[in-house]
Amino acid sequence: MKKILALTAIFLLGAVGYALADLDVTGTVEKTKSVTVNEKVRINKGVRVKGDIAVEGNQGAEASSLLNQSATENTVSRYSNEFKPQYDMIYRTATLSDSVNTNTGIVNLNQEVGNSINQANLISAAISWSEGEGVLGFANSQASMQQVNGGNSVDAVEDYTAGPQKKSLISGSILDNMGIVNVNQSVGNMNNQANQIVLAVASEALVALSEADLGQSSTGNTVYEWGTVRLDSIANSINGNVGVVNVNQSSGNMNNQSNIISISASVPSVIEMGAR
């Protein structure tokens, strides 16, 4: 019986031949990958400078300026009128055209047609000048400014089909001036704009120190506007000037804008002819 089974198995194995077939395999792989990167960078820098000067000066120039601007708890609500109930019909344009040109000295300009606007230009200068031997001086300038916007609210619906409702335009202006020029322009709401220049000059100064400090905050404000179109434009302007030129322009809401310059300088007590 065992021999018969063995022969049968050998017969079956011997009867197995070769088989050829084509096989197509289609597979779908779905892969989902999620990458989360948390990066925290902290830089602490401390600089302390201490110096002792054993020479006593006999002249000094010190100039300082402090400016605070605050726009808080203001509300602007513009409602529809009976002629076009779905839209507010208030339009504003501040235009500076072919103006503030070829001046010499100090020029300050504020222009606004908005609501609750703070604008300021501050200039503080101190000059100490003596000629001769043994003249030693000190110069120190300090500029500090703070602008705060908080708790303000604007609620307006305007007609966007009629183009910009608020336009700040400067064209062909602030050209070829010599000296100091400060310009503020606003058609928005609750904007703080300021230019501040502090200058201290002493002849033959041993030490010239300059400081500038700016603090700006805008918190707790709310703006709801629909269909609002605004335009700020400066064209062919602020060219060919010599000196210091500061310009702030805004058509928005609750903006803090400022330019702060603090200069402290030591100059020779005798300036050669032809020097510039």
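The chain holds 15 strands and just one helix, going by a predicted model. Of its 276 residues, 32% count as buried. The accessible surface adds up to about 17,900 Å², and carbon and sulfur atoms own 52% of that. Contacts reach a long way along the sequence: take those between residues at least 6 apart, and 88% of them join residues at least 24 apart.

Strand β3 is a handy place to start looking around. Spanning residues 92–97, β3 shows a covered face made up of R92, A94 and L96, while T93, T95 and S97 sit on the uncovered one. That fits the usual picture, in which side chains of a regular strand alternate between the two faces of the sheet. β3 teams up with β8 in the parallel sense, over six bridges, and within this pairing A94 stands opposite S168 of β8.

Moving across to β8, which covers residues 166–171, we come to I170. With a relative accessible area of 1%, I170 falls under the 20% cut-off and is therefore buried. Its company, once neighbours within four places in sequence are set aside, consists of L96, Q185, S233, I234, A235, S237, V247 and Q249. L96, one of these partners, belongs to the covered face of β3. I170 also has N236 in its surroundings, in the sense that their C-alpha atoms are separated by 8.3 Å although their positions lie 66 residues apart along the chain.

Another partner of I170, S237, sits in the loop that runs between β13 (230–235) and β14 (242–250). Loop or not, S237 counts as buried because its relative accessibility is 9%, under the 20% limit. Leaving out residues up to four places away in sequence, S237 touches an unbroken run: I170, S171, G172, S173, I174 and L175. With S173 there is a polar link too, as a polar atom of the S237 side chain lies 3.1 Å from the backbone nitrogen of S173.

As for charged pairs, the count of salt bridges comes to two. One joins the side chains of E158 and K166, with 2.9 Å from N to O. Both ends are tucked away: E158 is buried at 1% relative accessibility, and K166 is buried at 2%. The other salt bridge brings together R230 and E225, at 2.4 Å from N to O. Here the setting is more open, since R230 is partly exposed at 27% and E225 is partly exposed at 23%.

Terms used:
Residues are numbered from 1 along each chain as its sequence is written. This is a predicted model: local features need pLDDT of at least 70, side-chain atom pairs count only at pLDDT 80 or more; totals for chains, interfaces and linings use all residues. Side-chain values use heavy atoms; hydrogens and water are left out. Helices (H or I, at least four residues) and strands (E, at least two) are DSSP runs, numbered from the N terminus. Buried means under 20% relative accessible area, exposed over 50%, partly exposed in between (1.4 Å probe, protein chains only). Contact means heavy atoms within 4.5 Å. Accessible areas come from the Shrake-Rupley method with a 1.4 Å probe; for residues, only the protein chains shown count as cover. Two strands pair if DSSP finds at least two bridges between them. A polar contact is a pair of N or O atoms within 3.5 Å; within protein, one must be able to donate a hydrogen and the other to accept it, and residues adjacent in sequence count only if both atoms are side-chain atoms. A salt bridge is a side-chain nitrogen of Lys or Arg within 4 Å of a carboxyl oxygen of Asp or Glu.
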